[in-house]
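Please open the structure in your viewer and keep a selection tool at hand. The stops below say what to pick next and what is to be found there.

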Amino acid sequence: MSDQLHTIIGQVKSVNGSRLSIKLSDDFKSSMPIINGIIYRIGQIGSFVRIPLGYAHLYGIVTQAGADAIPEKLIGKDSFGDIQQGSRWMSVVLIGERVRNRFERGVIQYPTPDDEVHLVTIDDLKIIYSEIDSESSLTVGQISASESLPAHIDLNKFLSRHSAIVGSTGSGKSNAVSIILDAIASNKKFKSSRVLLIDPHGEYNETLKSHSKVFKIGADKKNNECELKIPFWALPYNELFSVFPGALKETASDSIRVNIQKRKIESAQYLIKPPLEHSINADSPIPFSINKLWYDLDDFEKQVFNKIGTGANTKLEMADRIELGEPESLIPSKHHPPAAGGGNPNINRGAMGILTYLNGIRNRILDDRYGFLFDLGDYQPDIDGKVTKDLDSLLSDWLNHDSPITILDLSGVPSEIMTSISGTILKIIYDSLFWGQELNVGGRRQPILLTLEEAHSYLKAGEDSISSRIVQTIAKEGRKYGVGLLLITQRPSELDETVLSQLGSLIALRMTNSKDRGHVGSVMPDDLNDLVSILPSLRTGEGLVMGEAVKIPSRVKFDKIPFAPKSSDPLVSESWVKEKPDSKEYEELMLRWRNRKLK
């Protein structure tokens, strides 16, 4: 008997678009046949089958096996009286075809009932997985069905069509991210590669140390880390004022917005290349002195007026200040209190009643936890709004250094403003690449991969935040401007569905939460949502890779990164056998806690 006959396992019985129902042959009694010395497992969820059609061969992936795979319209029919053997059925989704020795995604022809179905051998897999573009492929692991076969992803489609890596805690997400980014950074051909990783917990600083430049609050200069600075004046108006405690009435907010616009118009003249005045608004990334804004508003709120003259000749004249303040140092001016009973001096009738809010602004500016926003060094505007360095220097520092990866470690950012800060960073990057798309540093000529770790923490479904809005914009339009997304999350059910629906590729690692699995199943490409059933049984570091970045949906065992990410679990059995540390270490612990520095 020929090898071709050895591989027949059943026949097509129903065709519904790309979905097939297959009845296994009664002659094929073993579910683990041995062919050419290799054991194959028939009916495994996620395994492949082959259907010859003349010179072409269709390939499909098994999504169901057993009684659930029997087509409803066949149940109970006399001609299928042997359906009591329900375990001998499979559901298959067609995913591609091979003509001679060339494999292509998608199919242009379909099988008919009673066509033969064959298992897929190692030789078939070699043909499928050998069809890669070596110029754009990244090797990230091995194919689980045959670990002698390397697993590749197509970088062009992985970046431009957006991707996500999802999985429960401990499933190997951080390792998979590290392996993919390391594969990009290690490729000597990609001399101008740009990857920006927003890392809320500082997990990747050590893992990707040899390929990255790290920006963090409280940077360790000995570790070649750079201090993270995000100029407050680059934040849109609403995001800037969400940093401060309390809330403004609409009239007060509108007045301050106009005030800031006026200040930005005035300070724009000091820029090397000033923009047109009519293009400037309160959201424009133009320096202005927030210290001077606070001082002027505080001074105005405290002003009092003397009533001079009587009758029709009465007029109000501002009373002299007791003492002038100092805007740079946030020292307020001192005024006489208004007299009781309406005597002189009179209270300022134009005041907005925002002194309490202004106190909150002053306290935030002076709070060293917010120094990355308000204590900016060369990016700090003086009283007139002049800066030593503009945003072009910041962007160059972030995106145009010798390392292919930039890590923005946000572990020192207060949690209450994490959404605003992460969203602002993305907006700065995206807007700059959009408006510079025709330049050599723009996204079209030098694409960038924006990697968002713990995406669910600042990209929640139904939330109208700046981070949600900008990620939705990038997901919809970034492809045209060379901006790609890679989302990493352990809670895909909390992510915005609009963003998930725009993803071209998905890497799903082990996932135990049924709600999360259902959410992943609803956005799985290629009609493969039934495959979510195998997610709980995946090994650590193993994932289903689906979508445009791979030739064929694959179960992949990712390589192991040499340096474990910080998110990996501590080895309790190793740690607890050591002697207890000296109690004096708690002194150092308190010092680091109070200084908010790990080293």
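## A tour by selection

Begin with R161, which is partly exposed at a relative accessible area of 33%; bear in mind throughout that the model is predicted. Add E548 to the selection, and the side chains of E548 and R161 are seen to meet in a salt bridge, at 2.6 Å from N to O. This pair links distant parts of the chain, 387 residues apart, with E548 in the loop between β23 (542–547) and β24 (554–558) and R161 in the loop between α3 (155–160) and β12 (163–166). E548 also counts as partly exposed, its relative accessibility being 34%.

Next, select D124 and R98, whose side chains form a salt bridge with an N to O distance of 3.5 Å. Here too distant parts of the chain are linked, since D124 belongs to helix α2 (residues 122–130) and R98 to strand β7 (residues 89–99), with their positions 26 residues apart. Are these two residues buried or exposed? D124 counts as buried because its relative accessibility is 6%, under the 20% limit for that class, and R98 counts as buried at 8%. If R50 is now added, the selection shows R50, R98 and D124 linked in a network of salt bridges.

For a pair within one helix, move to α6 (residues 250–267), where K262 and E266 lie four residues apart and are therefore separated by about one helical turn. Their side chains meet in a salt bridge at 3.0 Å, N to O. K262 is exposed, with a relative accessible area of 52%, whereas E266 is partly exposed at 38%. In total, the structure holds 21 salt bridges, among them the three pairs visited so far.

Leave the charged side chains and select F241, L373, F374, W398, I429 and L487 together: these are the residues with the most contacts inside the largest nonpolar core, which has 151 residues. In soluble globular proteins, nonpolar side chains tend to be buried together. Which residues does I429 touch, if those up to four places away in sequence are not counted? Centre the view on I429 and display L196, L395, W398, L399, I448 and L450, which are its contacts on that basis. W398 thus appears in this list of contacts and among the residues with the most contacts inside the core.

Now colour strands β16, β17 and β18, which make an open sheet of three strands in the order β17-β16-β18, with antiparallel pairing. The edge strands are β17 and β18, each of which pairs on one side only. To follow one side of the sheet, select β16 and β17 (residues 315–318), which pair in the antiparallel sense over four bridges; F305 has M318 in β17 as its bridge partner. On the other side, two bridges join β16 (residues 304–308) to β18 (residues 346–347), again running antiparallel, and V304 stands opposite I347 in β18.

Finish with a surface view of Y586, L589 and W593, which make a nonpolar surface patch of about 400 Å². L589 has its place in helix α16 (residues 585–595), and this residue counts as partly exposed because its relative accessibility is 42%.

Key
Residues numbered from 1 in each chain as written. Predicted model: local features only at pLDDT ≥ 70, side-chain atom pairs only at ≥ 80, totals over all residues. Heavy atoms only, no water. Salt bridge = Lys/Arg side-chain N within 4 Å of Asp/Glu carboxyl O. Buried < 20%, exposed > 50% of the residue type's maximum accessible area, 1.4 Å probe, protein only. Core = buried A, V, L, I, M, F, W, Y, C linked by side-chain atoms within 4.5 Å. Contact = heavy atoms within 4.5 Å. Pairing = 2+ DSSP bridges. Patch = residues over 30% accessible without salt bridge, like charges linked within 9 Å, V, L, I, M, F, W, Y side chains within 5 Å. Areas by Shrake-Rupley, 256 points an atom, 1.4 Å probe, with all protein chains shown as cover.
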